[in-house]
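Subject: Structure handover

Hello,

Here is the structure I promised. Please open it next to this message; my notes follow below.

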Amino acid sequence: MEINAEVILKATKVDGVYPADPKKESTAVKLPTLTYLDVLQKGLQVMDATATSLCMDNNLPMIIFDLTERGNIKKVVLGEKIGTIVRGGERDD
């Protein structure tokens, strides 16, 4: 918030947020959009609850994406739809 960011980009080893670890649960399906409350209420391992609450209080979206896939940093910076977006309001799914 101090740097007036428009979005938090969180690079991980998976291509978004899942209800279970996709490396352990083959049936886990990626969640393309979530609300902050989804993350907090479901205990999803996106970021710690304090960071998620701070983003929610300041309406700062989070995009969680796969750092290991070549070109993803460029894609996310250019606004391509990759990973999972966490924001207020309604989900797209």
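**Start of helix 2**

At the start of helix 2 (residues 49-57), Asp-48 makes a side-chain contact to the backbone: one of its side-chain oxygens comes to within 3.0 Å of the backbone nitrogen of Thr-50. Just after helix 2, look at Asn-59, which has a positive phi of about 50°. Bear in mind throughout that this is a predicted model.

**The sheet**

Four strands form an open sheet. Their order is 1-3-4-2, and the pairing is mixed. Strand 1 (8-12) and strand 2 (33-35) are the edges, each pairing on one side only. From one strand to the next, the twist averages 20°.

Strand 4 (residues 84-87) pairs with strand 2 in the parallel sense, over three bridges. Within that pairing, Thr-35 has Arg-87 of strand 4 as its bridge partner. Strand 3 and strand 4 run antiparallel and are also joined by three bridges. Here Ile-63 is matched with Ile-85 in strand 4.

**Thr-84**

This residue deserves a stop. Thr-84 sits in strand 4. Is Thr-84 buried or exposed? Its relative accessible area is 0%, so Thr-84 is buried. The side chain of Thr-84 has two backbone atoms in reach. One is the backbone nitrogen of Val-17, at 2.8 Å. Another is the backbone oxygen of Leu-31, at 2.6 Å.

Setting aside neighbours within four places in sequence, Thr-84 is in contact with Asp-15, Gly-16 and Val-17. On the same count, the contacts of Thr-84 also include Lys-30, Leu-31, Pro-32, Thr-33 and Leu-34. Met-62, Ile-63 and Ile-64 complete the list for Thr-84.

**Val-29**

Val-29 lies in the loop between strand 1 and strand 2. Val-29 counts as exposed because its relative accessibility is 56%, and the cut-off for exposed is over 50%. Which residues does Val-29 contact, leaving aside its neighbours within four places in sequence? They are Val-17, Tyr-18 and Pro-19. Val-17 is 12 residues away from Val-29 along the chain, and their C-alpha atoms are separated by 8.7 Å.

**The cores**

The largest nonpolar core has 11 residues in all. Its members are Val-17, Leu-34, Tyr-36, Val-39, Leu-44, Val-46, Cys-55, Leu-60, Met-62, Ile-64 and Val-86. Helix 1 (36-42) and strand 3 (62-66) each supply at least two residues of this core.

Apart from that core lies another, of five residues. Among them are Ile-63, Phe-65, Val-76 and Ile-82.

Back in the largest core, Leu-44 is a member. Not counting residues up to four places away in sequence, Leu-44 touches Val-17, Tyr-18, Pro-19, Leu-31, Leu-34, Asp-38 and Val-39.

**One residue to follow**

Val-17 links several of these notes. Val-17 belongs to the largest nonpolar core. The backbone nitrogen of Val-17 is reached by the side chain of Thr-84. Val-17 is also in contact with Val-29 and is touched by Leu-44.

Best wishes

Conventions
Residues numbered from 1 in each chain as written. Predicted model: local features only at pLDDT ≥ 70, side-chain atom pairs only at ≥ 80, totals over all residues. Heavy atoms only, no water. Pairing = 2+ DSSP bridges. Axes fitted to C-alpha atoms, helices over the stretch in contact; angles between N-to-C directions. Buried < 20%, exposed > 50% of the residue type's maximum accessible area, 1.4 Å probe, protein only. Polar contact = N/O pair within 3.5 Å; in protein donor to acceptor, adjacent residues only side chain to side chain. Contact = heavy atoms within 4.5 Å. Core = buried A, V, L, I, M, F, W, Y, C linked by side-chain atoms within 4.5 Å.
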